[in-house]
Amino acid sequence: MISLLQKKGLKFFHPILKRLARIYLSRPRNYTYQGITIKVLPGVFHPGLFFSTKVFIEYLATINLTNKKVLELGAGSGLISIFCSKQGAQVTASDINTVALEGIQENASLNAANVRVIFSDLFDNLEEMDFNYILINPPYYPRKPKNEEEQAWFCGEDFEYFYKLFKQLKNKHLIDCTILMILSEDCDIEKIKMISSQNQFSFQKILTKRVNSEQNYIFSIIPI
Ligand SMILES: C[S@@+](CC[C@H](N)C(=O)[O-])C[C@H]1O[C@@H](n2cnc3c(N)ncnc32)[C@H](O)[C@@H]1O
């Protein structure tokens, strides 16, 4: 029902969709994509109700991830992390949402996937930085999150998530690391690019994909 309304062009934040989603997401829900079945706990970003996670996975399927070290920063349900692990990557999944971390742990073992799970506010608790890929599907609406669940959506009134992200990235010595971020036309991409350029990063668009009414972009984030 929710997907049908989305196909008709209703955005997720439409009041009707929001109400339906709240009811649907009040219980754990199973979701299957690309042969991976996960349990999405209440309060965790549901990858089936939005396009970004699936567009990201479609793109990742075109990359050889065998033996690559991958960090999914803000991993939510863990679907992307489990997919990468199945592709032969050594995966670390981090999140600030403790319920999400519990779910990733469970979903990884349900799928016999080897995923290291870490509680971290962005890079705060991530010490080793020898990743070949850092994958980010960020929260991007400018509002202060009121709870753990809202951190999947809201990046702070003044884009605090992005200021901290790029500041931390600037101070990391990343060697042979590709940083990929998925964004949609729904967000203020110019503002996010501006914050990145203040920290000496530029955005290179590597994929554009329209799903229903929404344009999605994957950017490679490159030090200037
Ligand atoms: C849009 S969801 C994406 C989830 C998952 N990567 C996916 O694509 O399905 C954003 C995720 O980032 C997490 N997040 C938000 N702020 C964070 C922070 N400061 N540090 C780590 N994770 C954060 C949220 O809890 C949420 O799980």
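Contact here means heavy atoms within 4.5 Å. Keep that cut-off in mind for the helix stop on this tour. The model is predicted.

**Stop one: the ligand**

Select the ligand and show what lies around it. It is surrounded by 18 residues. Thr-53, Glu-72, Gly-74, Asp-95 and Leu-122 are the closest. Now colour the shell by residue type. You will find 8 nonpolar, 7 polar and 3 charged residues.

Next, pick Glu-72. One of its polar side-chain atoms sits 2.7 Å from a ligand nitrogen. Move to Leu-122. Here a polar backbone atom is 2.8 Å from a nitrogen atom of the ligand. Then click Gly-76. A backbone N or O atom of Gly-76 lies 3.4 Å from a ligand oxygen. How much of the ligand's accessible area does the protein cover? On its own the ligand has 590 Å², and the protein covers 96% of that.

**Stop two: helix α7**

Select residues 189–198, which form helix α7. Show the side chains of Ile-189, Lys-191, Ile-192, Ile-195 and Ser-196, the buried residues of this helix. Look down the axis. These residues lie on the same side of α7, because they cover an arc of only 165 degrees around the axis.

What do the buried residues of α7 pack against? Add α6 (160–170) and β7 (178–184) to the view, then β8 (201–211) and β9 (214–223). The buried residues pack against these four elements.

**Last stop: after the helix**

Follow the chain past α7 to Gln-200. Its phi is positive, near 65 degrees.

Terms used: Residues are numbered from 1 along each chain as its sequence is written. This is a predicted model: local features need pLDDT of at least 70, side-chain atom pairs count only at pLDDT 80 or more; totals for chains, interfaces and linings use all residues. Side-chain values use heavy atoms; hydrogens and water are left out. A residue is near a molecule or strand if one of its heavy atoms lies within 4 Å of it. A polar contact is a pair of N or O atoms within 3.5 Å; within protein, one must be able to donate a hydrogen and the other to accept it, and residues adjacent in sequence count only if both atoms are side-chain atoms. Accessible areas come from the Shrake-Rupley method with a 1.4 Å probe; for residues, only the protein chains shown count as cover. Ala, Val, Leu, Ile, Met, Phe, Trp, Tyr, Cys and Pro count as nonpolar, Asp, Glu, Lys and Arg as charged, and the others, Gly among them, as polar. Buried means under 20% relative accessible area, exposed over 50%, partly exposed in between (1.4 Å probe, protein chains only). Helices (H or I, at least four residues) and strands (E, at least two) are DSSP runs, numbered from the N terminus. The arc is that of the directions from the helix axis to the C-beta atoms.
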